[in-house]
Amino acid sequence: MSSSRFSHKSVGYHAAALSFHDATPVLLLTTNQLRKDLSSPNPFEASLALQTLSHIATVDLARDLTPEIFSLLSSGRVFVRKKAIAVVLRVFDKYPDAVRVCFKRLVENLENSDPQIVSAVVGVFCELASRDPRSYLPLAPEFYRVLVDCKNNWVLIKVLKIFAKLAPLEPRLAKRIVEPICEIMRVTGAKSVMFECVRTVLTSLGDHDSGVKLAVSKVKELLLDEDPNLRYLGLQALSVAAEKHLWAVLENKEPVIKSLSDEDSNIRVESLRLVMAMVSESNVTEISGVLVNYALKSDPLFCNEILSSVLATCSRNVYEIVVDFDWYVSLLGEMTRIPNCQQGEEIERQLIDIGMRVKDARLQLVRVARDLLIDPALLGNVSLHRILCAAAWVAGEYIEFAGNLFELMDALLQPRTNLLPASIRAVYIHSAFKVLIFCLDCYLMQNEDGNLVVGQSDLFIGKRGSVAPELATCQSSTLEQHEDLTFNPRNTTEYPEDHTVFENNADTAVTQGPAITYESMVGLLDRIELILGPLTANQDVEVLDRACNILAFVRLVKAELIDNATQEVNMADKKDTQVSAIITLMRDAFVTDLGPISVSAQGRVAVPDGLDLKENLDDLSAICGDIELPSSSAFGIGGPQFGTSSDTTSIGLLKSEESGLVNEATSLLEHRKRHGLYYLPSEKNEIVQHDYPPANDPRSNSNSDEAAELAKLTEKSLILKKKPNQTKPRPVVVKLDDGDVVPLPISIKKPESRDDSLSGAIKDILLGSTTKPSSSQSNPSDKSSSKRKEKKKLVAADIPSQMKENLGDIEAPSLENPGSSSKDHDHVKERRHRGKEKIVEGEGHDQKARKKKSSHRHGKHKTRQKGNSPLNVVSQTPEIPDFLL
Amino acid sequence: MIRSVLVMNTQGKPRLTKFYEFWPVEKQQEAIRNVFSVLCSRAEHVSNFVDAESIFGPDSRLVYKHFATLYFVFVFDSSENELAMLDLIQVFVETLDKCFRNVCELDIVFNYSKMHAILDEIIFGGQVLETSSTEIMKAVEEITKLEAQSNAINLVSKSVSNWRSR
């Protein structure tokens, strides 16, 4: 770098620019060389130094070289001057106090006649304004002049960018610039400028209808263009517009939908985003249908893109836009059958979520689940296992809606289920258990009916569904007396609703099922025994456990059943047998409705006595460190509300898993493992996080509280949801007030302190308050008044002073926050004061202080400085109010 | 501002890289690899934009142009116009073409510093300073002349220095 030969020097500088960074230790040694070359008479040497400085400038370098850069800012050679202007950006960034020195010259350059210089300055301001637009509002008139006068496309684009940042801050400014921007948009031949105008109008001037209309018409042109780049940008502009002006998107529906099949993936993704923006309650069915068809045809990547956005849109805000849940559930089923579908987890989550939240959708849900379960081909597809898991759970949980119980049982026990991972297989087995309980219950019920009416006819069997709930209620009440059972209040309150659902669907759902005869029942039990028998040797504990449970139950029931049948016992006696009691009890247990659980639910659970949550379990982690925790997505069995403590030991044994009895010595983890019910995978945007079920104390008030709360919320959501023009009533979707909404991450980046000081410094300059760096002892109000006075005097030569004062007064409120800015100013000043003491000593008198200051600092440029800079700054600052009004 | 300028061939070999913000070399290489893997999977006659946020962080856009065996890639943020950047690539390539008369990949390999000189005239510290290829040519020729002058008295043989300044 210090070589006298230019070629060597250029190589050296070049290498420095490419390899040095802030932490390079030798950086300190370059200062003098840079200084020498910056003031070199050879413009190319100066240019080299500037070039390198723009890459390597640190706080120290920026501080030390500010005077040189300052003098280059007014260099006679455009070649050097424009580079000096550009380097200022980096210098300001590193060393904000340089603003005090260089800013005025920078602004002067804005009025330069050379387009290259103006381009460079505007570029710098564009960068500065993108970081902190508010500070540059006072310069708006300058930019406006450039906007109107300039013919250079590059400069126009940059000025438009600046205005896009400034306009939202100052409505009067926005009003003023709409017309010129529209004019440029109309006449310009450059697509880039036109697009920039469109974007500026759509992002920052959205309230000005004439401008928006013109912009949208231009967007339409872009969308129909041959060039894929323009089409892509057109779509992007539309998605900017979509937030405020959805009509713009709807107007251009056709090209947007056409773009979905474009060969360019960028365009496809962008148009997909737009299509999703168009989705509303009224058209969600059609749009989703179209999209799923597109997904069928497109490549795997885009297919999943489509599916995930459909899923996300439909489930947004607790299925806000879905009215017809039967349709939506079928759609989920269809999606599953798309060959490239990779959305298993999301579909799984939604299937279960809908099951719990939307009662009216359950019938359809079970049908979809049956179709999925029954198809042996699906079992081979690994990515669908999660969905099948949900389907199995749904089928078991809402078994009362199932059409053909035997068919379902076969599906759950089909041999290909051995392709499933163990955790899902456990869910299958548990669902089979639920189905079995329901079958047995129906069988008993039907016998009872037969007892009453004499002769068992298929007609009665057909209607058993509608009778069942009533009977169940009776039974549960009798059981309550006999066995001292405490039923969850929800259990009884919800029966009537269930009942109505039942009656509505009884014809379609239940009558399809074949009659449950004694033979078929025994056959079913045999089959279960046969299929699950081998599983008692299964490796996986979950599967093993469940298989053993169900087998034990089957053997118990079978023995009784056969006994009863052979002895031809009276039906009434049969009711008293242990088996029927067990079955009824189990049925009642499973029939309990499961609701969504709020995120904060666990917080409301009272801590049971003797459980020390604060106990330090660190030692445990050392021991259990390598034990894999059960995956939280595995479905456990049993229900949170099921904590009926039964006295019958046999039942207690059978249900040791489901019942809420928790050994208090076990840790919470253990508890979670055992009762890991509905611990759905917690996803980022999950609407409800299914946290722990209200733990192990069913009688604590949390349960009833929750139920009451749910009921209340359901009403509330009904009120909110009701739309006057809705033809079909939307089913109730259970919502929780807390925990439904996942707080948005705060995306607003806090401005860095450096930026603060930078903007503070710029504000100072623009307010002309740099004049008194040594006056930090005077209070702000004093200062501002003296500031005004000073301005007045300085301008007296140009403008009549009265007018000046008025303008000065108006100016104050239009600025962001005079108080804070002056505080800022003090702060910055103080810091700077320490460093610059030597340079700025001996000033303090308002009037000529500015001139003095700069002359003190840069004696060399004294004369030029005196000549124009103060006048310039003053003459532009008061223009603001004039312009804005 | 412009964040980075990359020129790489269709084999993924970088021919010129310039990052206007500090990036550690490893990250640069990783970014180049990522960019290439995206670019080579794109068909001809599709749009020249690539979603770059996954590679270069938030608020970054990428445009590229494919000429013969080379990809010219510009990465920039929201304060630049996409179409203008495409034009700028055009300007850059035109200038190279003028400079080397029918530019090809080999010219770029052997005239590394001249490439940088041209690029530095166009983009300075991430900002576009010059967009007219004649102006750029003028400046670059001056620089070349200066370098030749300073080299005239050195020990490098005439033929080599001639070759270098071609």
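A polar contact, the term I will need for this interface, is a pair of N or O atoms within 3.5 Å; within protein, one of the two must be able to donate a hydrogen and the other to accept it, and residues adjacent in sequence count only if both atoms are side-chain atoms. What you see above is a predicted model, in which local features need pLDDT of at least 70 and side-chain atom pairs count only at pLDDT 80 or more, while totals for chains, interfaces and linings use all residues. Residues are numbered from 1 along each chain as its sequence is written, chains are lettered from A in the order in which they are written, and side-chain values use heavy atoms, with hydrogens and water left out.

Let me turn to where the chains meet. Chain A brings 45 residues to the contact and chain B brings 49 residues, where contact means heavy atoms within 4.5 Å. About 3,900 Å² is buried between chain A and chain B, and carbon and sulfur atoms give 57% of that area; buried area here is the accessible area (1.4 Å probe) that two parts lose on being put together, summed over both. On the side of chain A, Phe44(A), Trp154(A) and Asn229(A) lose the most area to chain B, together 16% of what that side buries.

How many residue pairs are in polar contact across the interface of chain A and chain B? The rule finds 20 such pairs, both residues being at pLDDT 80 or more. Across this interface there are also five salt bridges, each a side-chain nitrogen of Lys or Arg within 4 Å of a carboxyl oxygen of Asp or Glu, and one salt bridge joins the side chains of Lys83(A) and Glu121(B), at 2.9 Å from N to O.
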